[in-house]
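Please open the model in your viewer and keep the sequence panel beside it. The stops below each begin with something to select and then say what is found there.

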Amino acid sequence: MKTNLVLLGTGGDPQIYKGSSCPTSMVLDVDGRPYLVDAGLGVTQQFVKANYSLDELHTVFITHLLSDHVIELCPLLHTTWATSYQRTLRVFGPPGIEDVIEGFYHSLKYDIETRMVEDNKYPIRNIIKTSYLAEGRVLKDDRVEVTAMRVKHPICNHCYALRFQMHDKTVVFSSDTAVFPKLADFAAEADVLVHEVSYSAGLNAKQRIQNPKNDTLDSHTKAEEVGIIANIAGVKHLVLNHIQPRPEGNYSKIRIYDKVRENWKGKLTIGHDLMWINV
C-alpha cells in the first residue's frame, strides 16, 4: 500500500498577501485515494494543482471551525458538485459543521436551484453526508481507520487531532493545539507526525504591531515544544505545518528549524505548499 502526504496549504492564519502560502489544508493519499484534512482558503485550486481531479474527492475532515481550516469547505463541495459525477461526499467535523453547510445552502440558494434546472444537476443536499468528530474511531473503510482526540486549543472549544492507521503506516495530524502531552500518546510510534508550529520570537514581534492583547501562543505550540512531543511519541518523521509566523515573512525557516532542533534530532521537514512526502 502506497501512502503520500500532500501539503496543500501550510500557513498558520487566514491572512493572504502577495507571495504568501495558503492557509491550512492537507491530503493523505492512500493508494491513490485522497483524504482531505481541513479546507482553508485556496483548497479547491490547490487540490487540482496537486494533480487531483474533483472526481476523486470523497472524504473531508475538518478539525475545527476557525476560518483558516474551514472557510473554503462549502465552495469546495459546491465546485465538486458542479464539476464531477454524483456520489456521496462525506464530511467529518466538530459540532456546528452542519450549520456551516446549511448556511452555505441558504446563501447560494438561487445558484443551486438554477443549476438544478438549467444544468439538470441533482440536489447537492443528496450527496453531502455530515458526521460529528468525537474522541475515538470516526471512520473505518477498506484503506484506513481514523481515530480522533480532542486537543487543547483554548480559543476553540472543539478541536481534534486525527490518527490515520493504514495496513503498514500511521500518520497523525495534530491540528491546532497548545503544547499537549496527551498528543504524544496519541501519536505514539507514528511514521509521520504532522504538527503545527509557532516561532515565539516572531509571533511576539508580530503581536506587538497587530494586537498586543492577543497572545497566539496560548493556543499554539512553540517550535521548541514540538520537538519534545515528537521525542516522547517516538515518531519516525516530524513534519511542520500551520507555520506561524509564515516563514516567507521576516522569520526564515532556518530560525524555526533551529528552535525545533533544540529538542528533536530525528527526521524533520518544514512544509511548504504543494509539497509531496512519501510516508
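**Starting in helix H3**

Select Ala82 to begin, and you will be in helix H3, where helices (H or I, at least four residues) and strands (E, at least two) are DSSP runs, numbered from the N terminus. Ala82 is partly exposed, with a relative accessible area of 39%; on this scale buried means under 20% relative accessible area, exposed means over 50%, and partly exposed lies in between (1.4 Å probe, protein chains only). Add Ile112 to the selection: Ala82 and Ile112 are 30 residues apart in sequence, and their C-alpha atoms are 9.3 Å apart in space.

Before going further, note that this is a predicted model, in which local features need pLDDT of at least 70 and side-chain atom pairs count only at pLDDT 80 or more, while totals for chains, interfaces and linings use all residues. Residues are numbered from 1 along each chain as its sequence is written, and side-chain values use heavy atoms, with hydrogens and water left out.

**Where H3 meets H4**

Now show residues 73-83, which form helix H3, together with residues 97-107, which form helix H4; the two pack at an angle of about 55°, with their axes 10 Å apart. The axes are lines fitted to C-alpha atoms, for helices over the stretch in contact, and angles run from 0 to 180 degrees between N-to-C directions. H3 and H4 are therefore oblique to each other, given that angles under 35 degrees count as roughly parallel, over 145 as roughly antiparallel, 65 to 115 as roughly perpendicular and the rest as oblique.

To see the contact itself (heavy atoms within 4.5 Å), select Leu73, Cys74, Pro75, Leu77 and His78 in H3, which meet Ile97, Val100, Ile101 and Phe104 in H4. Sorted by class, this contact of H3 with H4 has 8 nonpolar, 1 polar and no charged residues, where Ala, Val, Leu, Ile, Met, Phe, Trp, Tyr, Cys and Pro count as nonpolar, Asp, Glu, Lys and Arg as charged, and the others, Gly among them, as polar.

**Thr10 and Ser25**

Move next to Thr10, in the loop between strand S1 (3-9) and S2, which counts as buried at 4% relative accessibility. The C-alpha atoms of Thr10 and Thr24 are separated by 5.1 Å, although the two residues are 14 residues apart along the chain. Leaving aside residues up to four places away in sequence, Thr10 touches several others, including Cys22, Asn241, His242 and Asp273.

Then select Ser25, in strand S2 (residues 25-30), which at 1% relative accessibility counts as buried. With the same exclusion of residues up to four places away in sequence, the residues that Ser25 touches include Leu7, Gly9, Asp38 and Val43.

**Helices H8 and H9**

Show helix H8 (residues 223-233) and colour its buried residues, which are Ala223, Glu224, Val226, Gly227, Ile229, Ala230 and Ala233. Just after H8, Gly234 takes a positive phi of about 70°.

From Gly227, step across to Arg261, which is 34 residues apart from Gly227 in sequence and 6.9 Å from it in space, C-alpha to C-alpha. Arg261 is in helix H9 (residues 253-261) and, at 18% relative accessibility, counts as buried. Not counting residues up to four places away in sequence, Arg261 touches Gly266 and Leu268.

**The whole chain**

Finally, zoom out to the full chain, whose secondary structure comes to 9 helices and 14 strands. Buried residues make up 57% of the 279 residues in the chain, and the C-alpha atoms fill a box of roughly 60 × 45 × 30 Å, taken along the principal axes.
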